Amino acid sequence: MSPEEYKIFQDNQNKPQAAPEEPADDSSISVTQDPSGKFVLKIPAPMWKIIQQNKGFDGIKPTPNPKSNPDGSRTVKLSPKQWQIFQDNQKKAPIPVPAEPETGKPADKPADKPADKPADKPADDTISVTQDPSGKTVLQIPAPLMKILEQNKRFEGIRPTPNPKPNPDGSYTVKLTTTQFKVFEENQKKPAIPVPAEPAKPASGKEPEPEKLSPGQEPKKPEEKPEEKPVDEITVTKEPSGKFVLQIPAPLWTILITKQEI
């Protein structure tokens, strides 16, 4: 630098430093007036949404709809009359703005799926067949089916005849060798033997006790059913006086009377 330029540089250093420009407050509107007398509103993006939601420009025509500035704010110019309407609109009760989800916030956790239902118990009419490590075939037989298998002699030819103890759930577990299982399968092809139905027991599960008789008392005879009288026949008897007595059912009486009238 020349001595003159260096002198200017030094003088510049003595000037007060300009305060850094504070970032615009997102919750306030900057209002200035241009030379034409119009009011210039610089509205931050968050405030713009609130003003739109609360109809802050209601009654102002045309409704301001400026393009957003690079920083997201919007600049609106209003005449003194429009500015007064805008101010009056701000005095109205605000309309609540629904909160927006925060950016980057993890999505709501989906509702927990209902716990898996426990595996259904095998049906009472199905035999579960598996094979154990030794190679034997394992049959899980429900109690009702075990009775049917024994009734139909499905273990015939298998020695020793399976006679397992019942499991806690009432089912039976039978282990068969490959040969025994083959015999068991062949037995299934034989025709079934009907199982007689068990007589229904009283609700208590006990057989009714016989009636206790006192000494010398005879058991009650079953009540005789009254003899049903035929409805289409006339019974005729003869009394000691020699007269015939006719016992006429009502339907036949009507027919006899009708014939007499004819």
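**Surface patch, helix packing and salt bridges in the predicted model**

A nonpolar patch on the surface is formed by Ile-234, Val-236, Phe-244, Leu-246, Trp-253 and Leu-256, which together have about 610 Å² of accessible area. Two elements, β8 (244-247) and α6 (250-261), each give two or more residues to this nonpolar patch. Leu-246, one of the patch residues, is located in strand β8 and is partly exposed, at a relative accessible area of 49%. The structure described here is a predicted model.

Strand β8 runs antiparallel to β7, and four bridges join the two strands. Within this pairing, Lys-238 has Phe-244 in β8 as its bridge partner. The two strands, β7 and β8, make a hairpin in which five residues lie between them. Gly-242, in the turn of the hairpin, has a positive phi of about 100°. Phe-244 thus appears both in the bridge with Lys-238 and in the nonpolar surface patch.

The protein chain as a whole contains six helices and eight strands. Their order along the sequence is α-β-β-α-β-α-β-β-α-β-α-β-β-α. Of the 262 residues in the protein chain, 18% are buried. The accessible surface of the protein chain amounts to about 22,500 Å², and carbon and sulfur atoms contribute 56% of this surface. Among contacts in the protein chain with a separation of 6 or more, 48% are between residues 24 or more positions apart.

Two helices were examined for the placement of their buried residues. In helix α2 (residues 45-53), the buried residues are Met-47, Trp-48 and Ile-51. Viewed down the axis of α2, these residues fall within an arc of 105°, so they line one face of the helix. An α-helix has 3.6 residues a turn, so residues three or four places apart point the same way. The packing partners of the buried residues of α2 are β2, β3 and α3 (80-90). Lys-55, which follows α2, has a positive phi, near 55°.

In helix α5 (residues 178-188), Gln-180, Phe-181, Phe-184 and Asn-187 are the buried residues. The arc that they cover around the axis is only 115°, which puts them on the same side of α5. Thr-178 and Thr-179, in contrast, are exposed on the other side of α5. The buried residues of α5 pack against two strands that precede α4, β4 (128-131) and β5 (137-141), as well as against α4 (143-151) itself and β6 (172-176).

The number of salt bridges comes to five. One of them is formed by Lys-77 and Asp-34, whose closest N and O atoms are 4.0 Å apart. This pair links distant parts of the chain, 43 residues apart, with Lys-77 in strand β3 (residues 74-78) and Asp-34 in the loop between β1 (30-33) and β2 (39-43). Lys-77 is exposed, with a relative accessible area of 53%, whereas Asp-34 is buried, at 18% relative accessibility.

A salt bridge is also present between the side chains of Asp-132 and Lys-175, with an N to O distance of 3.8 Å. Because Asp-132 lies in the loop between β4 and β5 and Lys-175 in strand β6, the pair ties together parts that are 43 residues apart in sequence. Asp-132 has a relative accessible area of 17% and is therefore buried. Lys-175 is exposed, with a relative accessible area of 51%.

Glu-156 and Lys-190 form a further salt bridge, in which the closest N and O atoms are 3.4 Å apart. Glu-156 is placed in the loop between α4 and β6, and Lys-190 in the loop between α5 and β7 (235-238), so the pair ties together parts 34 residues apart in sequence. Glu-156 is partly exposed, at 44% relative accessibility, and Lys-190 is partly exposed at 38%.

The loop between α4 and β6 also holds Asn-152. Asn-152 is buried, with a relative accessible area of 6%. With residues up to four places away in sequence left out, Asn-152 touches Pro-191, Ala-192 and Ile-193.

Conventions. Residues are numbered from 1 along each chain as its sequence is written. This is a predicted model: local features need pLDDT of at least 70, side-chain atom pairs count only at pLDDT 80 or more; totals for chains, interfaces and linings use all residues. Side-chain values use heavy atoms; hydrogens and water are left out. Patches are made of residues with over 30% relative accessible area and no salt bridge: like charges are joined within 9 Å, nonpolar side chains (Val, Leu, Ile, Met, Phe, Trp, Tyr) within 5 Å. Accessible areas come from the Shrake-Rupley method with a 1.4 Å probe; for residues, only the protein chains shown count as cover. Buried means under 20% relative accessible area, exposed over 50%, partly exposed in between (1.4 Å probe, protein chains only). The arc is that of the directions from the helix axis to the C-beta atoms. Contact means heavy atoms within 4.5 Å. Two strands pair if DSSP finds at least two bridges between them.
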